[in-house]
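Colleague: I have a fold open on my screen and a stack of labels I'd like explained. Can we go through what each label rests on?

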Amino acid sequence: MKKTPRIKTPEGGDAPFEVPEVLDRLKEHLEVRTNTELSNILEVKPNTISTWKKRNTLDYPRILSVCQTYNIDIDKIFFDKQKQVTSSAGESKAKNAFSVVTADSYFRYVTESGKKEYIDSLPKFSFPFIAGNNIRAFQVVSSAMLPVLKEGDYVVGEFTDMDTAALINGNIYVLVSSVKGIYISRVRKDTSNPEIIHLIRDNEPENAFFELEMTTSEITEIWEVTTVFFLDLIGKAKKGNSHV
């Protein structure tokens with residue numbers, strides 16, 4: 001039986017979509033008619049389009065990138081607006097929107113993240129397949145996580161409680177320290193001291209050295225990274241469009 005992809009919603013439910021319909025709507029917005037023309041724009045082989053349709057799956061980063069390049073609203077690609085009835089398109093997007101912390105906001109975020117008016121002032125973005133009760137995006141500001149993360153990328157993290165004992169060794173987190181600032185890194189708990197968290201560099205041989213140590217007392221926020229974006233979110237916002 002063919003599996004139907006489903007997009008998570010902020011309310012905890014999900015919404016199904018069919019890949020062939022998504023690709024047809026993408027063709028319409030790109031003003032192309034054939035899979036070959038579409039594959040040229042997506043920079044994939046023509047049979048890749050057929051495979052996506054057959055397996056009912058997509059290369060989401062590639063689709064996102066093309067939508068950004070051609071200024072196409074993702075909601076119009078993944079959802080047939082003519083078949084949907086909503087009280088307000090703006091209200092619908094607002095429910096999906098999450099805040100973005102850019103590199104130049106790091107210092108202020110550390111000192112003012114507890115203030116609602118500051119968080120409300122951060123740029124907001126919404127993607128139809130990303131939702132959560134408490135998610136936030138952070139821009140990568142170093143190359144310590146190459147090749148997994150590059151400087152300028154964005155990670156989306158889901159807020160976790162402050163129980164550092166629940167951190168999973170090897171997973172990537174955004175750690176906000178009142179002393180050292182914001183770091184996006186894999187973590188490794190200290191086996192001899194539960195009060196210390198090691199931040200691991202991906203671009204160094206395993207166990208070569210620890211980039212940094214944080215004490216649990218200095219950590220004010222922990223976000224578990226769930227998604228990575230390779231898009232220029234803020235460049236898009238400067239053009240007057242806060243939704244990719």
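What follows is a chat about those labels and the values behind them.

Modeller: Sure, but keep in mind that this is a predicted model. For orientation, the protein has 9 helices and 11 strands, and 42% of its 244 residues count as buried. It exposes about 13400 Å², of which carbon and sulfur atoms supply 48%.

Colleague: Let's start with the helices. Why are α1 and α2 called roughly perpendicular?

Modeller: Helix α1 covers residues 19–30 and helix α2 residues 35–42, and they pack at an angle of about 80 degrees. Angles of 65 to 115 degrees count as roughly perpendicular, and therefore α1 and α2 get that label. Their axes are 11 Å apart.

Colleague: Which residues make the contact between α1 and α2?

Modeller: From α1 you have L23, L26, K27 and L30, and from α2 N35, L38, I41 and L42. Sorted by class, that contact has 6 nonpolar, 1 polar and 1 charged residues.

Colleague: And what makes α2 and α3 roughly perpendicular?

Modeller: Helix α3 spans residues 46–55, and α2 packs with α3 at an angle of about 100 degrees, the axes being 8 Å apart. The window for the label runs from 65 to 115 degrees, so α2 and α3 are roughly perpendicular to each other as well. On the α2 side the contact is made by N35, T36, L38, S39 and L42, and on the α3 side by P46, I49, S50, W52 and K53. Those residues divide into 5 nonpolar, 4 polar and 1 charged.

Colleague: What about the loops there? How do you know whether E31 is buried or exposed?

Modeller: E31 sits in the loop between α1 and α2. Its relative accessible area is 72%, and over 50% means exposed, so E31 is exposed. The backbone is worth a look too: phi of E31 is near 60 degrees, a positive value in a residue other than glycine.

Colleague: Where is E43, and what is its phi?

Modeller: E43 lies in the loop between α2 and α3. Its phi is positive, about 60 degrees, although E43 is not a glycine.

Colleague: And why does E43 count as exposed?

Modeller: The cut-off for exposed is over 50% relative accessible area. E43 has 66% relative accessibility, so it counts as exposed.

Colleague: Which residues of α4 are buried?

Modeller: In helix α4, residues 60–69, the buried ones are I63, L64, V66, C67 and Q68. Just after α4, N71 takes a positive phi of about 55 degrees.

Colleague: On to the strands. What is the order of the sheet?

Modeller: The sheet is open, with 9 strands in the order β4-β3-β5-β6-β11-β7-β8-β9-β10 and mixed pairing.

Colleague: What makes β4 and β10 edge strands?

Modeller: Each pairs on one side only; β4 is 124–125 and β10 is 212–215.

Colleague: How do you know that β7 and β8 are paired?

Modeller: Pairing takes at least two bridges. Strand β7, residues 172–177, has 6 bridges with β8, in the antiparallel sense. V174 stands opposite I184 in β8, for instance. A hairpin of 3 residues joins β7 to β8.

Colleague: What about β8 and β9: how many bridges join them?

Modeller: Strand β8 (residues 181–189) and strand β9 (residues 196–200) run antiparallel and are joined by 4 bridges. With at least two needed, they count as paired. R188 has H198 as its bridge partner in β9, and R186 stands opposite I200 in β9. Here the hairpin runs through 6 residues.

Colleague: Last one: why is N171 called partly exposed?

Modeller: N171 is in the loop between β6 (154–159) and β7. Buried means under 20% and exposed means over 50%, with partly exposed in between. The relative accessible area of N171 is 26%, so it is partly exposed.

Colleague: What does N171 contact, beyond its neighbours within four places in sequence?

Modeller: S185, R186, V187 and E224. Take V187: it is 16 residues from N171 in sequence, and their C-alpha atoms are 6.3 Å apart in space.

Methods. Residues are numbered from 1 along each chain as its sequence is written. This is a predicted model: local features need pLDDT of at least 70, side-chain atom pairs count only at pLDDT 80 or more; totals for chains, interfaces and linings use all residues. Side-chain values use heavy atoms; hydrogens and water are left out. Axes are lines fitted to C-alpha atoms, for helices over the stretch in contact, and angles run from 0 to 180 degrees between N-to-C directions. Helices (H or I, at least four residues) and strands (E, at least two) are DSSP runs, numbered from the N terminus. Angles under 35 degrees count as roughly parallel, over 145 as roughly antiparallel, 65 to 115 as roughly perpendicular and the rest as oblique. Contact means heavy atoms within 4.5 Å. Ala, Val, Leu, Ile, Met, Phe, Trp, Tyr, Cys and Pro count as nonpolar, Asp, Glu, Lys and Arg as charged, and the others, Gly among them, as polar. Buried means under 20% relative accessible area, exposed over 50%, partly exposed in between (1.4 Å probe, protein chains only). Accessible areas come from the Shrake-Rupley method with a 1.4 Å probe; for residues, only the protein chains shown count as cover.
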